[in-house]
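Biologist: Could you take me through this structure slowly, please? I would like to hear the reasoning behind each term you use.

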Amino acid sequence: MQATRFNSGPIALTTSAANICSAPTALTGGNNFGGYTKLWLNIRHIIVVNTGSGTPTISLFVGATAGSAAGTESFFGKAAVLPANGRLEWTGDEKLTSAQFLTGLASVASNTCIITVMGEIGVE
């Protein structure tokens, strides 16, 4: 089955780890439709912008819902510095199953760290 593009965000990162995106656990509905349960996200592009004049840090994680466990840091590493009025950008190919969540947090709570995630969603 062909994948479909998705766009998540823009979302403000806060000082508490929160879900940014995850694959749905099931696709159901319609008449005589058995449903699909093996859905996935393929993350292709992440942009995080800093709309403030400070230099906060951000961390992104792949794992449990609202997770920020050590060793699950992903994409930019742990506490990546986000330049004042600048951006961090990642491109690649990272597949997440419906059991995995992309979560993130920032060192400031002022809604100046904004994330947008782009990729594809598909069914196995």
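Modeller: Happily! Accessible areas come from the Shrake-Rupley method with a 1.4 Å probe. By that method the chain exposes about 6,600 Å², and carbon and sulfur atoms supply 50% of it. Please keep in mind that this is a predicted model.

Biologist: Thanks! What elements does the chain have?

Modeller: There are 9 strands and 0 helices. Read from the N terminus, the elements run β-β-β-β-β-β-β-β-β.

Biologist: How much of the chain is buried?

Modeller: Of the 124 residues in the chain, 37% are buried. Buried means under 20% relative accessible area.

Biologist: Why is Asn50 called buried?

Modeller: Let's set the value against the cut-off. The relative accessible area of Asn50 is 3%, and buried means under 20%, so Asn50 is buried. You will find Asn50 in strand β3, which covers residues 39-50.

Biologist: What makes the pair of Asn50 and Gly52 a polar contact?

Modeller: A polar atom of the Asn50 side chain lies 2.8 Å from the backbone nitrogen of Gly52. The cut-off for a polar contact is within 3.5 Å, so this distance fits. The Asn50 side chain also reaches the backbone oxygen of Pro83, at 3.0 Å.

Biologist: Which other residues does Asn50 touch, leaving out those up to four places away in sequence?

Modeller: Among them are Thr55, Leu82, Asn85 and Thr112. Touching here means heavy atoms within 4.5 Å.

Biologist: How do you know that β3 and β7 pair?

Modeller: Two strands pair if there are at least two bridges between them. Here 9 bridges join β3 to β7, so they pair, and they run antiparallel. One example is Val48, whose bridge partner in β7 is Leu88.

Biologist: Which sheet do these strands belong to?

Modeller: They belong to an open sheet of 4 strands in the order β1-β9-β3-β7, with antiparallel pairing. Its edge strands are β1 (4-12) and β7 (87-97).

Biologist: What makes β1 and β7 edge strands?

Modeller: Each of the two pairs on one side only. On average, neighbouring strands of this sheet are turned by 15° against each other, direction ignored.

Biologist: Now to β8. Why is strand β8 described as largely enclosed?

Modeller: Strand β8 spans residues 101-106, and 5 of its 6 residues are buried, so the rest of the structure largely encloses it. β8 pairs with β2 in the antiparallel sense over 4 bridges, and with β4 (residues 57-63), also antiparallel, over 6 bridges. In the β4 pairing, Ser59 stands opposite Leu105.

Biologist: Where does Cys21 sit, and is it buried or exposed?

Modeller: Cys21 is in strand β2, residues 18-22. Its relative accessibility is 10%, under the 20% cut-off, so Cys21 counts as buried. Across from Cys21 in β8 stands Leu102.

Biologist: How far apart are Cys21 and Phe101?

Modeller: In sequence they are 80 residues apart, yet their C-alpha atoms are 6.1 Å apart in space. Phe101 is also one of the residues that Cys21 touches.

Biologist: Is Cys113 buried or exposed?

Modeller: Cys113 is buried, because its relative accessibility is 1%.

Biologist: And how many disulfides are found?

Modeller: A search of the whole structure gives 0. A disulfide needs two cysteine sulfur atoms within 2.5 Å, so no cysteine pair in this model meets that cut-off.

Notes
Residues are numbered from 1 along each chain as its sequence is written. This is a predicted model: local features need pLDDT of at least 70, side-chain atom pairs count only at pLDDT 80 or more; totals for chains, interfaces and linings use all residues. Side-chain values use heavy atoms; hydrogens and water are left out. Buried means under 20% relative accessible area, exposed over 50%, partly exposed in between (1.4 Å probe, protein chains only). A polar contact is a pair of N or O atoms within 3.5 Å; within protein, one must be able to donate a hydrogen and the other to accept it, and residues adjacent in sequence count only if both atoms are side-chain atoms. Axes are lines fitted to C-alpha atoms, for helices over the stretch in contact, and angles run from 0 to 180 degrees between N-to-C directions.
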